[in-house]
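Reader: I am new to this structure and should like to learn how its features are read. May we begin with the interior and then turn to the sheet?

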Amino acid sequence: MEKVLLVDDEKEFLEIMAERMSARDMNVTTTTSPKDALKKAQEENYDAIILDLMMPEMDGLETLKELKKNNPDLQVILLTGHATIQKGVEAMKLGATDLLEKPADLKVLTEKIKKAHTKKMVLVQKKTEEKIRHILAEKGW
Amino acid sequence: MNRQLDIEMATELRFFGKMTASISHEIKNVMAIINESAGLLEDYSLMAEKGMPIDPVRLKVVSERVAKQIQRADGITKNLNNLAHSVDEFKKSVGLRETLELALGLAQRLADMRSVTLELQPPSDFPNVITSPFHLQNLIWHVLDFAMDASGEGKTVGLTLETGPESVEIRFTGLEGLTNLWETAFPTKKEAVLMEMLGATIHRDMNAREIHLVLPRDVQQQLTDSQSITENSD
């Protein structure tokens with residue numbers, strides 16, 4: 001079961017998405033506040049974060065930057081009303097996993113979440129292997 | 001003169017671009033909610049096909065949600081339509097109630113993005129003025145844009161009107177942060193060009209923390225009067 005955090009200032013959009021994604025066996029948490037999203041991302045371990053690009057309080061790119069600064073392995077998919085190429089490129093440079101335009105096809109989004117989950121698992125596995133290698137080298141076993 | 005025209009055109013186009021970009025973003029958000037609502041109904045029908053009972057209340061919630069979004073989209077497209085038609089005539093009699101309501105409707109999402117509340121404080125009278133509707137919207141947006149920056153900790157901008165015999169003042173109230181921003185930031189050349197076209201002036205009331213946009217009741221009359229004053233003084 002994928003653990004997903006949905007961040008969007010449209011409350012109704014969050015409610016429907018949460019219901020639909022939960023019906024697809026995803027564990028979904030929602031918030032309308034980017035600042036709350038940063039807090040949640042530090043407290044919980046999400047497989048993917050779906051982030052709106054334009055929000056009050058904090059711009060989506062700014063939020064993405066903060067999220068990646070706190071946890072570079074975090075898989076962030078941007079969902080936006082209108083993405084300019086410039087914003088898209090900027091988002092990818094900042095480490096976004098993907099970018100989707102609203103209205104998005106839930107099938108496509110679900111696939112992207114699953115891919116993000118797999119990517120995260122690979123990264124976690126790599127990190128664990130590195131840690132073990134480091135311990136082995138240090139202890140000289 | 002060419003420089004003046006360049007500023008005029010760039011200011012007009014930027015305003016149009018800014019408003020239509022904001023409107024299109026909002027329409028996309030509405031479409032996203034309707035799209036997901038349709039998806040949710042599809043989910044329910046698939047569940048029903050598998051023999052799972054569907055609570056009618058859930059269907060009602062979706063139907064109400066769609067109806068609400070249609071209302072929202074209707075308001076957004078009305079604003080877009082009114083903005084588009086504001087360029088039909090260069091000079092006409094415009095109602096200030098409709099003008100201010102449109103200005104707030106257009107600015108709403110941009111205000112939300114800045115966590116600023118916009119409040120129309122209805123005056124006793126909403127007079128008409130003879131002016132250029134598009135340039136008036138443009139100038140109101142520029143003042144509103146600055147006023148939002150100057151709203152300080154209160155994060156609220158009020159709009160009201162004061163009517164005089166020859167002029168009307170649109171007052172932007174509650175600007176707690178006006179002190180630090182005013183001197184260097186506003187009005188710029190862009191606003192000056194629009195003010196000249198509309199025969200308008202901008203004043204500040206530091207004690208009340210307000211900006212007053214003063215418009216002549218009849219822009220043509222005002223411009224003719226000021227021209228004859230200049231000619232007489234030459």
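Author: A nonpolar core is a set of buried Ala, Val, Leu, Ile, Met, Phe, Trp, Tyr and Cys residues joined through side-chain atoms within 4.5 Å. Please note that this is a predicted model.

Reader: How many residues does the largest nonpolar core have?

Author: In general, nonpolar side chains of soluble globular proteins tend to be buried together. Here the largest such core has 48 residues, and B:Leu118, B:Leu139, B:Val157, B:Ile170, B:Phe172 and B:Leu213 have the most contacts inside it. Among the elements of chain B giving two or more residues to this core are helix 1 (2-49), helix 4 (133-149) and strand 5 (167-173). Helix 4 of chain B provides the largest share, 10 residues. A second, separate core of 25 residues includes A:Phe13, A:Val28, A:Leu79 and B:Val62.

Reader: Which residues does B:Phe172 touch?

Author: Leaving aside residues up to four places away in sequence, the contacts of B:Phe172 include B:Ile140, B:Val143, B:Leu144, B:Val157 and B:Leu213.

Reader: What is the order of the strands in the open sheet?

Author: As a general idea, strands of a sheet pair through backbone hydrogen bonds, either parallel or antiparallel. In chain B, the open sheet of 5 strands follows the order 2-4-5-7-6, with mixed pairing. Strands 6 and 7 of chain B, for their part, pair in the antiparallel sense over 5 bridges.

Reader: Why is one side of strand 2 and of strand 6 of chain B left without a neighbour in the sheet?

Author: Strand 2 (117-120) and strand 6 (201-205) of chain B stand at the edges, and each has a single partner strand, so one side of each lacks a neighbour in the sheet.

Terms used
Residues are numbered from 1 along each chain as its sequence is written. Chains are lettered from A and ligands numbered from 1 in the order in which they are written. This is a predicted model: local features need pLDDT of at least 70, side-chain atom pairs count only at pLDDT 80 or more; totals for chains, interfaces and linings use all residues. Side-chain values use heavy atoms; hydrogens and water are left out. Buried means under 20% relative accessible area, exposed over 50%, partly exposed in between (1.4 Å probe, protein chains only). Helices (H or I, at least four residues) and strands (E, at least two) are DSSP runs, numbered from the N terminus. Contact means heavy atoms within 4.5 Å. Two strands pair if DSSP finds at least two bridges between them.
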